[in-house]
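Open the model in your viewer and keep the selection box handy. We will make a few stops, and at each one you will learn what to select and what is there.

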Amino acid sequence: MKRLLAALATCAALTGCGVLPATDSASGSVPTPSSAAGLGDSVKDSGDIPDPCTLLSDAEVRNLTGRGISQRDEDGAQAGDVSRFCQWQQPGGQLAVFLARTTESDFQVKIAEAEPVDGVGEDAFSLAGHLYVLHGTVSIDVYSRGDSDEENMDKAQRIAKVLIPKI
């Protein structure tokens, strides 16, 4: 229940968010903070939650979802906030990524309707079209819509696998 409430609280934060047009830089990518990229340290277990809008370039979003981008909604949060989101509006669909600090015990709270998902992160489950993934003390919530439920979940898993090394 705690996970559902946290997800609902994060979704409620969407009202009043800033809306930016989705544009690519000349290279078509956005620098992504990660240890592997040499742009920052991993925040898997501590540190500020990164802005999800910086973790995926517009080109990656188009490639991973198979859809264009009509606008990107950013959370406008400050460094140090315990949850962040980015949402890409797409013709015929949407991609939303929510990141939040959690604990393994909170992530383990069982929700009757949740379905376990193998092969992504330290632990994962799907609920109401969202993929929730545990990565250290970061909860990753990926929501992709615009295709069948099965295709949306497959895309969410691929997106989570791209995000994990960048967090």
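Start by selecting Asp51 together with Glu74, Arg84 and Phe85: leaving aside residues up to four places away in sequence, these three are what Asp51 touches. Keep in mind as you look around that this is a predicted model.

Where along the chain does Asp51 lie? Asp51 is in the loop between strand E1 (18-20) and helix H2 (58-65). Is Asp51 buried or exposed? Its relative accessible area is 17%, and since buried means under 20%, Asp51 counts as buried. Now add Cys53 to the selection and look at its backbone nitrogen, which lies 2.9 Å from a polar atom of the Asp51 side chain.

**Next stop: helix H2**

Follow the loop onward and select Asp58, Val61, Leu64 and Thr65, the buried residues of H2. Look down the axis of the helix: these residues cover an arc of only 135° around it, so they sit on the same side of H2.

What covers them? Show strand E2 (71-74), strand E3 (83-90), strand E4 (93-101) and helix H4 (149-163), which are included in the cover over the buried residues of H2. Before leaving, select Gly66, just after H2, where the backbone takes a positive phi of about 75°.

**Last stop: the aromatic rings**

How many aromatic pairs does the structure hold? There are three, and we will visit two of them. To describe a pair of aromatic rings, one gives the distance of the centres and the angle of the planes.

Select Phe107 and Phe125 for a tilted pair, with 5.4 Å from centre to centre and 55° between the planes. This pair links distant parts of the chain, with Phe107 in helix H3 (residues 104-107) and Phe125 in strand E6 (residues 123-127), 18 residues apart. Both Phe107 and Phe125 are buried.

Keep Phe125 selected and add Tyr132. The rings of Phe125 and Tyr132 are stacked, 4.8 Å centre to centre with 15° between the planes. Switch on a surface here if you like: Phe125 is buried with a relative accessible area of 5%, and Tyr132 is buried too, at 7%.

To finish, display Phe107, Phe125 and Tyr132 together, and you have the cluster that the ring pairs link up.

Terms used: Residues are numbered from 1 along each chain as its sequence is written. This is a predicted model: local features need pLDDT of at least 70, side-chain atom pairs count only at pLDDT 80 or more; totals for chains, interfaces and linings use all residues. Side-chain values use heavy atoms; hydrogens and water are left out. Helices (H or I, at least four residues) and strands (E, at least two) are DSSP runs, numbered from the N terminus. Buried means under 20% relative accessible area, exposed over 50%, partly exposed in between (1.4 Å probe, protein chains only). A polar contact is a pair of N or O atoms within 3.5 Å; within protein, one must be able to donate a hydrogen and the other to accept it, and residues adjacent in sequence count only if both atoms are side-chain atoms. Contact means heavy atoms within 4.5 Å. The arc is that of the directions from the helix axis to the C-beta atoms. Rings of Phe, Tyr and Trp (its six-membered ring) pair if their centres lie within 6.5 Å; planes under 30 degrees apart count as stacked, over 60 as edge-to-face and the rest as tilted.
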